[in-house]
Amino acid sequence: MSAVIKLLTAMLNSFKDLIPIILVVGFFEIFILQQAPENLGSILVGLVFIVLGLTFFVFGLEMGLFPIGESLAEALARKGSVFWLVIFSFSLGFGTTLAEPALTAVANEAAKVAAESGAIKDNQESLDEYAMGLRLTVAISVGLAILLGVMRILKGWPIHYIIIGGYILVMTLTAFAPPSIIGIAYDSGGVTTSTITVPLVTALGVGLATVIKGRNPMLDGFGLIAFASLTPMIFVMIYGMIFL
């Protein structure tokens, strides 16, 4: 019964989260455009599906991904094996990023635009190679970012120095990277931190900071997402400088 109550509560919270969007769209449709939305029935059905999807997604995070990430991080930290912790952190960042639907969509769209502009051949093989190359580049960069974030937690390095240095490198590379790749590189930093990556990576950081002596989960457990957003911009611009 408690699980049902939690599910209904999550559904109500999902609906509350959608209310601002509904109000904004409704205001512009009624008061600015002064028209009723086309296919109102389909829109309402779609909103129901969105509420259900958000509900099950959030519920699944709380039941599955967060506990898995925290328990694995805690177990590896207690085992005291830095080697396996480093391997796990890289693999987690790489695997979750490669599976990100948002990254797949951006990579496929970037491949189409690159073909239209003449940067690559306009055939399916070239499109697939470009998109996969972009996805692998971003996935490797996020894997290294999570590895760096884990080492920061273990060693107690200040996060702001790493972030400042990273953005200085981003600005430097922007001056030399092909203009056609800069926008894609900047967008890559955002799409990597999406539905799959964020929950597991956050759980990993909090789990590690909870177990390691002298670390504060609030101060040291967060920040891995910042690394995961930063490194793709660097790696994608380098990718463009090499292959474009």
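## Pocket lining, helix packing and aromatic pairs

By class, the residues lining the largest pocket comprise 11 nonpolar, 1 polar and 1 charged. The structure described here is a predicted model. The pocket in question has a volume of about 260 Å³. Of the 13 residues in its lining, I22, V25, G26, I43 and L47 are the closest to the centre. Two elements, helix 1 (2–32) and helix 2 (40–79), each give two or more residues to this lining. Helix 1 gives the most, with 7 residues.

Helix 1 also carries aromatic residues of interest. The count of aromatic pairs in the model comes to 5. In one of them, the rings of F27 and F31 have centres 5.4 Å apart and planes at 35°, so the pair is classed as tilted; a tilted pair is one whose planes are neither under 30 degrees apart nor over 60. Both F27 and F31 lie in helix 1, 4 residues apart, which is about one turn of the helix. F27 is partly exposed, with a relative accessible area of 43%. F31 counts as exposed because its relative accessibility is 55%, and the class of exposed residues begins over 50%. Together with F28, F27 and F31 form one aromatic cluster.

A further aromatic pair joins Y130 and Y239, and its geometry is edge-to-face, with 6.4 Å centre to centre and 65° between the planes. Y130 lies in helix 5 and Y239 in helix 10, so this pair ties together parts that are 109 residues apart in sequence. Both Y130 and Y239 are buried.

The two pairs are set out below.

| Pair | Centre to centre | Angle between planes | Class |
|---|---|---|---|
| F27 and F31 | 5.4 Å | 35° | tilted |
| Y130 and Y239 | 6.4 Å | 65° | edge-to-face |

Helix 5 and helix 10, which hold Y130 and Y239 respectively, appear again in the packing of helix 7. In helix 7 (residues 179–191), the buried residues are I181, I182, I184, A185, S188, G189 and V191. These buried residues pack against helix 4 (101–116), helix 5 (124–155), helix 6 (159–174) and helix 10 (224–243).

In summary, helix 1 contributes 7 residues to the lining of the largest pocket and holds the F27 and F31 pair. The buried residues of helix 7 pack against four helices, among them helix 5 and helix 10, and the Y130 and Y239 pair links helix 5 with helix 10.

Terms used:
Residues are numbered from 1 along each chain as its sequence is written. This is a predicted model: local features need pLDDT of at least 70, side-chain atom pairs count only at pLDDT 80 or more; totals for chains, interfaces and linings use all residues. Side-chain values use heavy atoms; hydrogens and water are left out. On a 1 Å grid over the protein atoms alone, a cavity is a set of points where a 1.4 Å probe fits but cannot get out, and a pocket is an open set with protein on both sides within 12 Å along at least five of seven lines; lining residues have an atom within 4 Å of a point. Grid points are joined across faces, edges and corners, and a volume is the space filled by probe spheres set on the points. Ala, Val, Leu, Ile, Met, Phe, Trp, Tyr, Cys and Pro count as nonpolar, Asp, Glu, Lys and Arg as charged, and the others, Gly among them, as polar. Buried means under 20% relative accessible area, exposed over 50%, partly exposed in between (1.4 Å probe, protein chains only). Contact means heavy atoms within 4.5 Å. Rings of Phe, Tyr and Trp (its six-membered ring) pair if their centres lie within 6.5 Å; planes under 30 degrees apart count as stacked, over 60 as edge-to-face and the rest as tilted.
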